[in-house]
Protein chains: 4
Amino acid sequence: MSSQSQLASEKVLADHRSRVGAERRTRMRACLVECALLVFAEHGVDAIIIDKVIKTAGVSRGTFYNYFRTDGDLFVAVATEVSDEILRVVNPVVVQEPDPAARVSLGIRYVFQLVKSYPLLAEFLDHGGQSALRYGKLVNEVVPRDLSKGMAAGRFTVRSLRLGLDLLLGPVLLGFHTILTEAVDDDYAEALAASILMALGVPETEARRYCSLPLQTLRMPVDSLFYRAESRKPS
Amino acid sequence: MSSQSQLASEKVLADHRSRVGAERRTRMRACLVECALLVFAEHGVDAIIIDKVIKTAGVSRGTFYNYFRTDGDLFVAVATEVSDEILRVVNPVVVQEPDPAARVSLGIRYVFQLVKSYPLLAEFLDHGGQSALRYGKLVNEVVPRDLSKGMAAGRFTVRSLRLGLDLLLGPVLLGFHTILTEAVDDDYAEALAASILMALGVPETEARRYCSLPLQTLRMPVDSLFYRAESRKPS
Amino acid sequence: MSSQSQLASEKVLADHRSRVGAERRTRMRACLVECALLVFAEHGVDAIIIDKVIKTAGVSRGTFYNYFRTDGDLFVAVATEVSDEILRVVNPVVVQEPDPAARVSLGIRYVFQLVKSYPLLAEFLDHGGQSALRYGKLVNEVVPRDLSKGMAAGRFTVRSLRLGLDLLLGPVLLGFHTILTEAVDDDYAEALAASILMALGVPETEARRYCSLPLQTLRMPVDSLFYRAESRKPS
Amino acid sequence: MSSQSQLASEKVLADHRSRVGAERRTRMRACLVECALLVFAEHGVDAIIIDKVIKTAGVSRGTFYNYFRTDGDLFVAVATEVSDEILRVVNPVVVQEPDPAARVSLGIRYVFQLVKSYPLLAEFLDHGGQSALRYGKLVNEVVPRDLSKGMAAGRFTVRSLRLGLDLLLGPVLLGFHTILTEAVDDDYAEALAASILMALGVPETEARRYCSLPLQTLRMPVDSLFYRAESRKPS
DNA sequence: CATGAATGAGGGTTCATTCAT
DNA sequence: CATGAATGAACCCTCATTCAT
């Protein structure tokens, strides 16, 4: 082999290595997030408990700290991904609706549908409380944008965005806990969504109409965080 | 001294002693609750941290365990007293109002008034989240009762009590965080209360009317938990 | 009343008082010992746990320390009284036997009879281990005397008193544990006693003969520690 | 370095690392056991007291819990190793003797020889009482087996294994205490062993003959627990 | 990069004993 | 004498984080 082609092949090799490395990094990180979700869903708010995460993932302590600086970072990562996964499924069907009021209604109802269908999601949101939804675009971008649009369009009479968010997220968060811990009617989520629209200023009849529109059945993609995590569960 | 009068005096002594003892016990317990409130307001949900409480109170570890079996017990005690203190001040003015919708509105607005006036209360409620209000009669008796009455009277169109509670408490809890951490208009609480009424089914104009009624300025009694705790703050 | 007779009557009164006082002291002390036995029988070696004793007795901490300087003192008191109670019942029937070998045999067998009949005694001895029998005359006077006599009389070929004690007490202590925790034949105690005699140098046939002599059924007097304690048990 | 040889060297490295790691782990564990033995020998039954152990070992609390789940686990580990060390030295010389009576006799006498030579062992057994010998094969396998054989061979007339164990272990345990705390003749152990044989049913002359056979002088190997622990003593 | 032993601050709880009233 | 609140030393256990290999 000539010296030149040797150099070239080294470059290729290096490229290949770094690409493989990057992939491995990504996979490892994903694995840790999945395991954290699992642990977090099972144990409480104050859990995460790195020990359990790394045991579930089958990696060493040191490895963990190669991917996350602190346990808080891990929590943020999980919460963000959870939020993004929800968005990934819910957003496509919601954005087709031009009316902000309809969007809000559908968004709430679809999220509740998911929570009912995916136990892991339910447990995470219930245990995590407020902070479980604080990260990611869902709460920080999408919902505020829809609220703003609705306010601009005069569909919502609520005066400030902040107030609108509190009126929307407050009941939703408590609602997660409610449907997980108490026996409620099947139409709980529907009624909750309607009431939230009313709080925002939508007339009752209209609010109830929006909220009785039929829903599709959404499914998380099989490569989603929830499936991946589920498949790691103690067989 | 005759044997008889001696016996008598012994009885008196015993009485006096037990009374003084009971008083001291009560004071000590109150002291611990105050310090716990302080600690809890400053540090987070998962705080309480017996160590800090006893250091603040200037008593020994053992003393703490003479009054509370576990740190959880202490938290419940604090949360309950906080709830009761709020009730003690707010209830008298609210109950004069026969209309459940008015009551709910006033209740919310007065609680926000207190939260704005008493920083300690604000911090406690903010840090404590849901659990900060889970104990005591306020959330477990008074609010449910008013909601039920309103539903029975047809003032609220909400279908279930549980839903009503979620619609009311959810925004209120987030609202506490909002007024503590963001600059909001003075009428935030007023608007929040109105929106909650709307969520419950009260027509907007009516809701806004209720919520613009003038409020008295409530003051915690000077012997209240909050004053006592405040006076213990690091000088 | 003349000054003189007044003095006299004061003396009488004082006498009376001090007598009553002494009685009360004795009763209180007895009460504490009973409760300690109860607590000790139920919980382990390292129990006693003054807290439980005073709660059982229904007296205050301070009172306890008026009767015993430390918890160790209390234990010694209990152990001593237990030993004395055993002696009080067993000794009268044993001393009628002039032969030291017979005495030792009967002593062991009667003690086992008591242990089987009085659960409290059994539990105390089992939990207390060695120290439960270290105090009182039984082990410190009576048994050594019988052993010495037997050695002097040539009935026992064992060379030293200490050795004889170890040979006797060792198996007896383990035997208590055995009969309390394992299913053993009814003749366990009998066989144990015979073997101990053999260890001391009594020929096997003779040893077995002694140990198959019929026993009376001993009963603790109704005013005994065990009855008194039993009657304090959580009804 | 070629990729291949790199992989190879990684493997070697990993191997080396895991071997070194395992060795270190073993040493640390041994260190903790040694220190526990020290602490336990000095203080009482209820000692162990993690605090003192880790201070003696010069390691952190956390380290302790990396090796033992609770303090009870540590005690079991110490007791087991002590038992095994005794067995390691005594068994080889005892098993050469086919006669169960001779084995029992030699076993007892050699153990006492060790107890006299190794103060740490003596203190451990004295303080630990029954539980000090409850673990490990010595009491749970070897001694029962020899007793059973002797019973089967008609050398022992004792009726049950349990009884035999009580007759053997009882005096031995008290004997440890005796030789540590009292001035006894040099032949105490010899006489004790003979008496135990007699208790088991061996005729006196025979028993004494066995027990006067000359003994070798056993030595713990220098890498034994006792040497290692001794060398850690407060210089 | 991976590993996992070691760390140690952080928290929790118990219980014998003292002492002012 | 009785009382019982207060004390504080003595223990126990967890878990996030570091670092040598």
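Start at the contact between chains C and D: 100% of the interface residues of chain C are also interface residues in chain D, so the copies meet through the same surface. Keep in mind throughout that this is a predicted model.

**Stop 1: the C–D contact**

Select both sides of the contact. Chain C gives 30 residues, and chain D gives 30 residues. On the chain C side, colour α8 (161-181) and α9 (188-200); each supplies at least two residues of the surface that touches chain D. Now show α8(C) alone. With 11 residues, α8(C) provides the largest share of that side. Next, colour the chain C side by residue class. You should find 14 nonpolar, 9 polar and 7 charged residues.

**Stop 2: the axis between C and D**

Superpose chain C on chain D. The operation is a rotation of 178° with 0.0 Å of shift along its axis, and the RMSD is 0.4 Å. The two copies are thus related as by a two-fold rotation axis. To find that axis from chain C, select Gly170(C). The C-alpha of Gly170(C) is the nearest to the axis in chain C, at 1.9 Å.

**Stop 3: the A and B pair**

Move to the other two chains. Chain B superposes on chain A by a rotation of 178°, with 0.0 Å of shift along the axis and an RMSD of 0.4 Å. Here too, both copies use the same surface: 100% of the contact residues of chain B recur in chain A.

**Stop 4: chain A as a whole**

Hide everything but chain A. What secondary structure does chain A have? Chain A has 11 helices and 0 strands. Read from the N terminus, every element is therefore an α, in the order α-α-α-α-α-α-α-α-α-α-α. Along the principal axes, the C-alpha atoms of chain A fill a box of roughly 80 × 40 × 30 Å. Colour by burial next. Of the 235 residues in chain A, 43% are buried. Then draw the contacts in chain A with a separation of 6 or more. Residues 24 or more positions apart account for 67% of them.

**Stop 5: Glu182(A)**

Zoom in on Glu182(A). Its place is the loop between α8 (161-181) and α9 (188-200) of chain A. Is Glu182(A) buried or exposed? Glu182(A) is exposed, because it has 10 other C-beta atoms within 10 Å, and 12 or fewer count as exposed. Now add Glu204(A) and draw a line between the two C-alpha atoms. Glu182(A) and Glu204(A) are 22 residues apart along the chain, and their C-alpha atoms are separated by 26 Å.

**Stop 6: helix α6 of chain D**

Switch to chain D and select residues 119-128, which form α6. This helix is mostly covered, with 7 of its 10 residues buried. Show side chains for the buried set in α6(D): Leu120(D), Leu121(D), Glu123(D), Phe124(D), Leu125(D), Asp126(D) and Gly128(D). Then step one residue past the end of the helix. Gly129(D) follows α6(D), and the phi of Gly129(D) is positive, near 60°.

**Stop 7: DNA strand E**

Finish at the DNA. Which residues come nearest to DNA strand E? Select Ser60(A), Gly62(A), Ile50(C), Val59(D) and Gly62(D), which come nearest among the 39 residues around the strand. Last, colour the surface near DNA strand E by class. There are 13 nonpolar, 14 polar and 12 charged residues in that surface.

Terms used. Residues numbered from 1 in each chain as written. Chains lettered and ligands numbered in written order. Predicted model: local features only at pLDDT ≥ 70, side-chain atom pairs only at ≥ 80, totals over all residues. Least-squares fit on C-alpha atoms with pLDDT ≥ 70 in both. Contact = placed C-beta atoms within 7 Å. Buried ≥ 20, exposed ≤ 12 C-beta atoms within 10 Å, placed from the backbone. Helix = DSSP H or I, 4+ residues; strand = E, 2+ residues; numbered from the N terminus. Nonpolar A, V, L, I, M, F, W, Y, C, P; charged D, E, K, R; others polar. Near = placed C-beta within 6 Å.
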